Amino acid sequence: MRIRRLVVAATVSSALVAGVVSIPAATAVPASPPAPAGYTPPPVQWGACTIPRLVNAGAQCGFVTVPLDYSRPNGTKIQLAVSRVKHKTPDAQAQGPMLVNPGGPGGSGLIYAIFGDFVPAGAGDSYDWIGFDPRGVGASKPALSCIPDVAGYNRPYYVPITPKIEQTWIKRSKAYAKACDANQHALLGHLKTTDSAQDMESIRKALGAPQINYYGFSYGTYLGQVYGTLYPSHLRRVIFDGVVDARRVWYQANLDQDVAFNKSIKVFFAYVAAHDSTWHLGKTEAVVERRYYSELHKLIGHPADGKIGPDEWNDIFTQAGYYVYGWVDVADAFAAWVHDRNAAPLVELYGGPPFDDNGYAVYLGVQCTDTQWPTNANKVRIDNWRTYAQAPFLTWGNAWFNAPCAYWAAKAGRPVKIDGRKVKSLLLINETLDAATPYSGAIQTRKIFPHSALIEGVGGTTHAGSLSGVACTDDRIVAYLQTGALPTRKPGNRSDLQCDPVPAPEPAAATASATAKSTKATTPLRTSLPMYH
């Protein structure tokens, strides 16, 4: 499930302490069982952080040592990088550790120890905020990388309009899967969500906490569902934002996304049309959309600045399908290219070398092994052409993003059957037109977690955008963190509280804000920290 930006973002990493743990590449290890493990790690040896924002926040950093394979707790060990910003209230008012996962899978969460500072009204002050890099990610050891520049400039056209294009992408997918196996053979068999759920339990034990609180974004909501199924009594207060439908992991979820992104990008095109006086790209959604595809086709074989071909163009606009935050930037770059053939804003939005595939590699490591992906090329071809016919925007880019799963070296497991009946408290948040995690997933999760309540950002397209300044939503997060109070649960399969969505930016105001380079503390966290969905 492509619950992260196609532009491969650099994960936050740092050398926290010495002692890299290596894994013998020649030894194959059986998959970890999807069941609670009895392993108890040593306590964290907290020390100084090296990431400036963590240093400035007074955070501590360290590692949690865990088994590569929980069925062999005395075997090879790996290390999870963790960070902590301790509670600011008196100890008597402390509410325990709050683990944060930003999504992905494959997203670095180490920086999220500062997350509590962005919760309004000081409601985060009574928690110890715990950031962590999941196994294989960022500063955790070992970290997975396969072909760092796999998402470099001017790649083959996503849409396989000729057999040669299709074969080129198949060869690329096979080569990537082979490189991952060559670089970290043993690790590949132990990147399932069940492994990460067991890692969360190890973090809890290393912290000496009887329970944890948890804030999960996007894929982090699926990780939370698995943890809550395996260790329900160890969860206290829980927030899921951008909720994964556990029934759809992961092949079908990607096809669901393709349809949803086709809708969300049309909302963006309508926004551009509504501000035609600013961008002059068309006065209706249909006109703006036609211009988007017209420019995409012109880039085939003629990349902007030799870098931005049709794929990179699509990836840039995919950001607008995820979040409203960057709508002005994407529209500005669109207009600069159409009117002036100025490619610089496009290149800036796409990003440049050094490229880093760590997040992408772990994304595949999780999704390819949580459950078996189709290996029949005809099925994949038929499913994606059928979906492309109704949803051309993302379909083939998404298909090739996940294509290495057909050739992945590690054996796939079976998804955990999610059971939320014993989780005593859960706050769900989802916007109605969230494309990365469609709203139906939040409704389904609400159904199987009977002690939950769902806040709906009505009509919004932003993915996992809580704590972005929408008072209706943020005030309920504050109340929940302070007292555990949830919105009143209503009968039926529906949301329990309806709020405004994250608002679209006004072009003039957004431009002025960018020019001023405001650094006010009220800047929403999700616009100032890495987002991996």
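Me: Which residue in E2 does Gly47 stand opposite?
Reply: In this model, which is predicted, Gly47 stands opposite Cys61 in E2. The two strands involved are E1 and E2, the latter covering residues 60-67, and they run antiparallel, joined by two bridges.

Me: And where does E1 sit in the sheet, at an edge or not?
Reply: The sheet is an open one of ten strands with mixed pairing, and its order is E1-E2-E3-E5-E4-E6-E7-E8-E9-E10. Its edge strands are E1 (47-48) and E10 (497-499), each of which pairs on one side only.

Me: What about E2, is it mostly covered or mostly open?
Reply: E2 is mostly covered, with six of its eight residues buried. Besides its pairing with E1, E2 also pairs with strand E3, residues 77-85, in the antiparallel sense over eight bridges, and one of the facing pairs there is Phe63 of E2 opposite Ala81 in E3.

Me: OK, moving along the sheet, why is E6 described as largely enclosed?
Reply: Strand E6, residues 212-217, is largely enclosed by the rest of the structure because six of its six residues are buried. Ile212, Tyr214 and Gly216 point one way from the strand, while Asn213, Tyr215 and Phe217 point the other way, and all of them are buried.

Me: Which strands does E6 pair with, and in what sense?
Reply: Strand E4, residues 97-101, pairs with E6 in the parallel sense over four bridges, and Asn101 stands opposite Gly216 there. E6 is also joined by five bridges to strand E7, residues 235-241, and these two strands run parallel as well.

Me: What is the bridge partner of Ile212 in E7?
Reply: The partner of Ile212 in E7 is Leu235. As a general point, strands of a sheet pair through backbone hydrogen bonds, either parallel or antiparallel.

Me: Changing topic, what is the volume of the second largest pocket?
Reply: The volume of the second largest pocket comes to about 340 Å³. It is lined by 24 residues, and those closest to its centre are Val380, Ala399, Trp400, Ala403 and Ala406.

Me: Which elements give two or more residues to that lining?
Reply: The elements that do so are helix H2 (163-183), helix H6 (251-274), helix H13 (377-390) and helix H14 (395-402). The largest share of the lining, six residues, comes from H14.

Me: How many of the lining residues are nonpolar, polar and charged?
Reply: By class, the lining of the second largest pocket has 14 nonpolar residues, seven polar ones and three charged ones.

Me: Stepping back to the chain overall, how many helices and strands are there?
Reply: The protein chain has 17 helices and ten strands, and of its 533 residues, 59% are buried.

Me: What share of the contacts joins residues at least 24 apart in sequence?
Reply: If one takes the contacts in the protein chain between residues at least 6 apart in sequence, 81% of them join residues at least 24 apart.

Me: Last one, what does the accessible surface come to?
Reply: The accessible surface of the protein chain comes to about 19800 Å², and 55% of that belongs to carbon and sulfur atoms.

Conventions: Residues numbered from 1 in each chain as written. Predicted model: local features only at pLDDT ≥ 70, side-chain atom pairs only at ≥ 80, totals over all residues. Heavy atoms only, no water. Buried < 20%, exposed > 50% of the residue type's maximum accessible area, 1.4 Å probe, protein only. Contact = heavy atoms within 4.5 Å. Areas by Shrake-Rupley, 256 points an atom, 1.4 Å probe, with all protein chains shown as cover. 1 Å grid on protein atoms, 1.4 Å probe; cavity = no way out; pocket = protein on both sides within 12 Å on 5 of 7 lines; lining within 4 Å. Points joined across faces, edges and corners; volume = space filled by probe spheres on them. Nonpolar A, V, L, I, M, F, W, Y, C, P; charged D, E, K, R; others polar. Pairing = 2+ DSSP bridges.
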